Structure formats: C-alpha cells, structure tokens
Amino acid sequence: TAKKNLKKMAAPEGVDSATWAALLRWSMKQTNTGGTEDSTAPPSQMSKEDRDWLEAVMKDGIVDSVKRAGEIIDKLKEECVIPCRDKVVLSSDQVDDLLAVMDELQDICEQIDFAMSLVQIGGLPPLLEMCHPASCVADDLKASALGVIATVAQNNPYTQNALMNLNALPLILSLVTSGSTRTEVRLKALHATSCSVRNFETLENMFFSGNYLDVSHFTEEGVYVDTQLKRSEVCENGPQLIGTLLGASDIKLQRKAAFLLGALISPDNLEPEKLNGYYVACIAPLAAILTPMSSCIPEGSRGHGLDVDLREICLRTLLTFGNKGKTGEMLEAHGQVFSESKASAIARSTTGDDVENAQAEVQLWNSLFATR
C-alpha cells in the first residue's frame, strides 16, 4: 500500500523526515497521475532510479534546521567564544565569515516554533557570552547575537524562562546602558531586552524593580564570564532606563524606548505601582520630545525634520497614561507644552508637506485632552 511504501522509504541522513515524506507523497502523485487533482489511482513504489535522484536533490536542497543550527553554534564556540576568552581579536575575514553564519542562524530562528529547539541544543549560553561587554568579540558579531536572542525570545515563554534561568537580563542591559558601546549594539540590546521581558511576568517584574543586579554569569561549560557585572554597569531599574533613553541624543534609541514603554504600560491589569513608577520616570522626557522644536532629525541627515514616528509613539504612550487616569497630573505639569505642541500641529495640518501627518497628530492631541 501507499503507506507501507512511504515507510520503506526512510529519509536520508541529514534530511528532515517530515519534509521527506511530504515530498515523496507529492512525487508519487506526479508519477501516477500526471499531477491531476481528480485521479484516484493509488501511488506505487518509486523506482530506485527516481529514489536516488530524489535523495540527491533533497540532500542538496533541504537542510535539517536543528542540525544546521547546532553546527553553527559549534562553529561560534570554536572560532569566536573560546578564542575571545583568551582575548584573541579576530581578523576582519574571520569576523565576516562568522557574520555570514550568524545571518544563516537568524534565518533559521525566524522559522515558526524554532525557538525551543535553539534553547534545547544549548544555543543561548554561547550567544550570551559573545554579547558580554567585557568580551573582545567584534561589535558586529555582538549585534548579530543579540538579534538572534531577540528573535527567539519574542512572545516565547519557553525561551524567556531559559533566559531568566541564565540571568541574561543584566548582561543584555549592561550593553544598553554603556555609553562606550556602539549605537547599533545598544539598539540590538534594547530590542533583545524588550523581547525578553514583554508578556513574561517574572522578567517584567525584575526589569521594573531592578532586582537583577550583581548576578554572576556562566557559560554552559561553567566558565565564569567576568564573574559579576558591577552595580554601576546596569541601571537602577527599568523605568529609570527608559526615562534615560527617552532623553538620549539618538532618535532610534528614543523610538525603541518609547515603544517599550508603551507596551509595558498597556495591560489592562497593570498594577498602580508600576503605572506610577513608569509615569514618574518617563513623563518629563516624553514631554520634552513633544515640544514643538523637538523630535527633529539633525539637519543634513536623511529625513531631516520632525520625526513623525517618534512623536506618534510618544503621543500614543501619553494617551495610554491618560486613559489610565494620569491626564490631570500630565496637564498640571506639562499642559502649556502640550497646548503649544497641539497648536503647532494644527498650523502644520493646513499647509506644507506634512499635512497628513500633522492632521493625525492633531487627532491624537484631541484624544488626549478628551481623557480629562
């Protein structure tokens, strides 16, 4: 029978068995029916010649993702993690080679349901060790490792729990707060922070309170990585970090910080303590961003002018605070700035190149004032 024939045709080594079985069924159908959908002819066993051809195609074109990810992790350990423990600085060619396999790992990790597999094959510890601020790993590799961590952590409690057990949060945060770290790495670290803590209560609480400080870090082999992060290397708590980043000179950091803030204060069951904590730390920098002359990309830069995305994210965050009962406090402290910003948006909504965006901003201002 067809089922017995399929069982006899086991997947070749290195080929995913489910993919192999699906392709066999399709191939048999094409062989027996010419690809027509209405034929009821049962599939027959594939000839040895056809099977050999199909095996060759599968081996060349189909990759076992888990196996390949494991090979990449082993390569990162051998060619990056272990040498860098001895302070060996990799050449540009070595870095480029590793960046290529990191891109491949990123593509693999974007597959649905792959995050658990990366955790199970021990992929997180070496990636975290690559990210350590004291490591001599090239910044581009740190950024790539952080990107993979963010991908597997986003909306994935299994990975988030694994990161918590590895005490990863303070390590990642130390890259966000370090003024000497390249902006690209800080952005990736902030994204990884966001993906790690959002919708995972324990890490959200840890981030809010700052109870992640002074924690030792280990690789999976038990090797110390700089034993401890000093208290000064990590911010006091999440609200303080976001407030600081909202006041940063880099608009990309401001955008990501504002997005994270909006996500953290949006739950309907948010505790009053958290709402107040984020409000106190962040309302002043939010108001500063929304002043009429703020939220601007430096002259001469691409997109010079008002940063529409940043203003919209910040306004929506203010609206969330307003819908949770903070409008009175906001207007008492920053009402004049808000009124001036609304007037500026109204003026821009009637003429110029920014009419559509300005009209949308006016609507948000109207919604905010309506929450009084």
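Buried means under 20% relative accessible area, exposed means over 50%, and partly exposed is in between, using a 1.4 Å probe and protein chains only. The model is predicted: local features need pLDDT of at least 70 and side-chain atom pairs count only at pLDDT 80 or more, while totals for chains, interfaces and linings use all residues. Numbering runs from 1 along each chain as its sequence is written, and side-chain values use heavy atoms, with hydrogens and water left out.

**Stop 1: R182 and E184**

Select R182 and E184. By the definition above, E184 is partly exposed at 35% relative accessible area, and R182 is partly exposed at 37%. They form a salt bridge whose closest N and O atoms are 2.4 Å apart. The term covers a side-chain nitrogen of Lys or Arg within 4 Å of a carboxyl oxygen of Asp or Glu. By this rule the count is 14 salt bridges.

**Stop 2: the network around R348**

Go next to R348, which is buried with a relative accessible area of 17%. R348 forms a salt bridge with D354, with closest N and O atoms 2.8 Å apart. A salt bridge also joins E361 to R348, at 3.3 Å between the closest N and O atoms. E361 lies in helix α17 and R348 in helix α16, so this pair ties together parts that are 13 residues apart in sequence. Helices here are DSSP runs (H or I, at least four residues), as strands are (E, at least two), numbered from the N terminus. E361 is buried, at 7%. Add R311 to the selection: R311, R348, D354 and E361 are joined into one network by salt bridges that share partners.

**Stop 3: V362**

Move to V362, in helix α17 (residues 355-369). V362 is buried, with a relative accessible area of 13%. Which residues does V362 touch, not counting those up to four places away in sequence? They are A345, I346 and S349, where contact means heavy atoms within 4.5 Å. The C-alpha atoms of V362 and A345 are separated by 5.9 Å, though the two are 17 residues apart along the chain.

**Stop 4: aromatic pairs**

Rings of Phe, Tyr and Trp (its six-membered ring) pair if their centres lie within 6.5 Å; planes under 30 degrees apart are stacked, over 60 edge-to-face, and the rest tilted. Four aromatic pairs are counted by this rule. Select Y279 and F321: their ring centres are 5.4 Å apart and their planes at 80 degrees, so the pair is edge-to-face. The pair links distant parts of the chain, with Y279 in helix α15 (residues 272-289) and F321 in helix α16, 42 residues apart. Y279 is buried at 6%, and F321 is buried at 0%.

Now select W365 and F369, a tilted pair at 6.3 Å centre to centre and 40 degrees between the planes. Being four residues apart in helix α17, they are separated by about one helical turn. Adding F338 gives one aromatic cluster of F338, W365 and F369.

**Stop 5: the nonpolar core**

A nonpolar core is a set of buried Ala, Val, Leu, Ile, Met, Phe, Trp, Tyr and Cys residues joined through side-chain atoms within 4.5 Å. The largest one has 94 residues, of which L76, L105, L127, L141, F207 and I242 touch the most other members. Helix α16 (residues 308-348) supplies the largest share of this core, ten residues. Finish on L76: leaving aside neighbours within four places in sequence, its contacts are V81, L98, V101, M102, L105, L127 and M130.
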